[in-house]
Structures are given as C-alpha cells and as structure tokens.
Amino acid sequence: MSQTPTAPTVERVDAHHRYEILVDGRRAGLTAYRDRGEQRVFFHTEIDDAFAGQGLGAQLVQQALVDVRESGKRIVPVCPYVAKFLKRHAEFADIADPVTPDVLRWLQAELG
C-alpha cells in the first residue's frame, strides 16, 4: 500500500532566519531572510532539484509573504525570485519596499 502524499507545508524557522517548505516531512526548499526593524529582507530562495517543477517555490514565497503581512512587517525583495514573484502578485505591493543601496550594505554586514 502506498501512502498518499500530504500537501506541502510552509513553516517559519526563526532560529535559522528562513521559511521552509516541507513535502512529506522532508525539507524541499527554503527562502532566507533577515529582519531590519519592521522590514523582512528576503535574500535567497532555493528549491531542491528533486522537487523542481512542482510550483513549490511560488507556494513557499506566497505563504512567507502572507506571514510577513500577518506579522505587521514589510517585504524587501533582494532575492530575484521574490522580486519576480512580487511583480506577478500585486496583492503584496502595499507591503513591499524598494531594495536600496542602504539595505544592500546592511544585508552584506549582517551576512558577514
């Protein structure tokens, strides 16, 4: 008997500054962030090759952005994937801030 796959779930893992998408309990991808005051700066998104082409990246980013909105924070899309997602999903435009040289300098210092 084969098990029915469960729907992918997204969880925020504050200790690692990222959101992870899990498929059948396995981490299939992540989007990494750092908080800068009221801004959540997204700088990297990846989906494991074994899970590519299933729309998991979009699902991961969408749920992460919903969480940011619920947290009362704003989004800064340094990550090209998150930036592209925001262009296609205007419903998050009201909480998106531009990527500025200031933010990039701050992020570089944060990440060492």
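Select residues 56–70 to begin, and you will have helix H1 of this predicted model, whose 15 residues reach 21 Å from the first C-alpha to the last, close to the 21 Å expected at 1.5 Å a residue. Now colour the buried residues of H1, which are Leu56, Gly57, Leu60, Val61, Ala64, Leu65, Asp67 and Val68. They lie on the same side of H1, because they cover an arc of only 160° around the axis. The general background is that an α-helix has 3.6 residues a turn, so residues three or four places apart point the same way. With these buried residues of H1 still coloured, show what they pack against, namely S1, S2, S3, S4, S5 and H2. Just after H1, pick glycine 72, which has a positive phi near 80°.

Turn next to the sheet, an open one in which five strands follow the order S1-S2-S3-S4-S5 with mixed pairing. Its edge strands are S1 and S5, the latter covering residues 74–77, and each of them pairs on one side only. From one strand to the next, the twist averages 30°.

For a closer view of one edge, select strand S1 at residues 9–13 together with strand S2 at residues 18–23, which pair in the antiparallel sense over five bridges. Within this pair, valine 13 stands opposite arginine 18 of S2. The hairpin of S1 and S2 has four residues between the strands, and histidine 17 there takes a positive phi near 55°.

Move on to strand S3, residues 26–36, and strand S4, residues 39–47, where the pairing is again antiparallel and runs over eight bridges. Here you can pick alanine 32 and look for its bridge partner in S4, which is histidine 44.

Two further helices can now be added to the view. Helix H2, residues 80–88, lies across S3, S4 and S5 and runs at about 120° to S5, while helix H3, residues 101–111, also lies across S3, S4 and S5, running at about 115° to S3.

The last stop is aspartate 97, in the loop between H2 and H3. Is aspartate 97 buried or exposed? Aspartate 97 is buried, because its relative accessible area is 15%, and the cut-off for buried is under 20%. Display its side chain and you can follow one polar contact of 2.8 Å to the side chain of glutamine 39 and another of 2.7 Å to the side chain of arginine 74. Leaving aside residues up to four places away in sequence, aspartate 97 touches Gln39, Arg74, Ile75, Val76 and Pro77.

Note on methods. Residues numbered from 1 in each chain as written. Predicted model: local features only at pLDDT ≥ 70, side-chain atom pairs only at ≥ 80, totals over all residues. Heavy atoms only, no water. Pairing = 2+ DSSP bridges. Helix = DSSP H or I, 4+ residues; strand = E, 2+ residues; numbered from the N terminus. Axes fitted to C-alpha atoms, helices over the stretch in contact; angles between N-to-C directions. Contact = heavy atoms within 4.5 Å. Expected span 1.5 Å × (residues − 1). Buried < 20%, exposed > 50% of the residue type's maximum accessible area, 1.4 Å probe, protein only. Arc of directions from axis to C-beta. Polar contact = N/O pair within 3.5 Å; in protein donor to acceptor, adjacent residues only side chain to side chain.
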